[in-house]
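Here are a few notes to read alongside the model. I hope they help as you look through it.

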Amino acid sequence: MNPSETIKTIKEIWLKRLIKQFAKGDHLKSDLTDQFLLYFNLMEQSLETGEAGWFDSLMDTWSTSLTQSDLEGNDNSLTDFVKQIVSITHQVCLEQLDPESAVILLTDLLPISLYVLEKAAHYETEAKISYVTRQLDQVRLSLEKLDRSKSGFIAVAAHELKTPLTLVDGYTSMLSDTVCFDENNLQHRAYINGIQKGTKRLRAIIDDMIDVSLIDNNLMSLNFQPFWINRLMDVLLIEMKPSIDERNITIKIQDFEGYKELNFGDPERILQVLRNLLMNAIKYTPDGGEIEFYGRKLPGFVEICVHDTGIGIDSEDQSLIFEKFSRIGNVSLHSSGKTKFKGGGPGLGLHIAKGIIEAHGGTIWVESPGYDENTCPGSTFHLLLPSRETPPDDKTAKLFEDLKAKG
Ligand code: ADP
């Protein structure tokens, strides 16, 4: 008897054994019986033709019927199922056939069983991968939705806060003018100064929130004008002098090719980026530290680097800090002091800096050996800005033609 004939003799007992092993209820019994009979027919077909590829579509179908818990679990449920069928086939052959026929049949079945097991593992892995991909897609979609509603909330909150703030600002200015004439009222003067300082800080936070919603909705428009990095730095250093002096920080500026050259961009926005970077460098550098500005000209770009001798940033946080609300470390450190050591803030500065630089067609990144408050390894922020000899739009280009001609 050839193996495809021999196998027919064990069909009944083989089926009974499998049903006993797997089927728990009546409906499962009839379902499984059909599937096992299909499997048996394929074994016969494969033995006859010497080709195990007949099993492909059955393994594919079985893999698509895996349940959610099968797909979520770490066990190989389909592969295990097939492994048990193979093992029961093996046992039944040994029990029911004479040794010689059993060896001949099992020898022929071996490559078929190996093929079926490999296919089961393959289809099961594919089903698991596509399940995880679907889950990830769902998570991504809900995160995107959450981000959109967060950004919508920021925009509404910022605009709602701006109106009462303008009222407080206006009345405080009127009060300030009135109290100003009363020399004896120094106490009131101090109170008014306090309110004005607070409203200024609040306005800065609201402006940041508006910038974040502009960036998130791709609505940031740039006002292209000529600018010179060295002139922006002069303005910035005058503005930040009180904080630099208060924290006893040394600022070093290295001249570089491109530093004093004309470029086109939005000077106010670029100043805002440099201000955010310098403010952070001061904030995260201990008193008496050093901050250095340097850079270089690259083909089509100018690179500006801001290096500090501060507490540094962990490598795993280095991309996170450019996300909005990304305060790393202890949240309780929030402070109203903009440049107080480790003073903290709402975590918007770098997100805005990134948005502005990317709107210019550039990029921003940070390098730091790591975070350590004792050894202060420092951080270096890099800005890569496109160098433009003319503004990107024709109208502005025409406006500044003369300036370019004069050099
Ligand atoms: P924040 O308002 O918190 O300063 P930023 O967006 O400006 O927000 O910065 C995000 C986080 O990045 C900060 O909370 C801080 O943990 C980290 N960070 C930024 N600049 C530096 C720096 N120069 N040195 C160390 N950490 C920094």
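1. A term to start with: buried area is the accessible area, taken with a 1.4 Å probe, that two parts lose on being put together, summed over both. By that reckoning, about 1,000 Å² is buried between domain 1 and domain 2, and carbon and sulfur atoms give 64% of this area.

2. Please keep in mind that this is a predicted model, where local features need pLDDT of at least 70, side-chain atom pairs count only at pLDDT 80 or more, and totals for chains, interfaces and linings use all residues. Residues are numbered from 1 along each chain as its sequence is written, and side-chain values use heavy atoms, with hydrogens and water left out.

3. Where do the domains lie in the chain? Domain 1 covers 1–218 and domain 2 covers 225–396 + 401–406, with bounds from an automatic or database domain assignment. Their centres, taken over C-alpha atoms, are 41 Å apart. Eleven residues of domain 1 are in contact (heavy atoms within 4.5 Å) with twelve residues of domain 2.

4. Three salt bridges (a side-chain nitrogen of Lys or Arg within 4 Å of a carboxyl oxygen of Asp or Glu) are counted between the two domains. The structure holds 19 salt bridges. One of them joins the side chains of Asp 147 and Lys 324, at 3.1 Å from N to O.

5. Glu 124 and Lys 128 also form a salt bridge, with their closest N and O atoms 4.0 Å apart. These two residues are about one helical turn apart because they sit four residues from each other in helix H7 (residues 99–180); helices are DSSP runs of H or I, at least four residues long, numbered from the N terminus.
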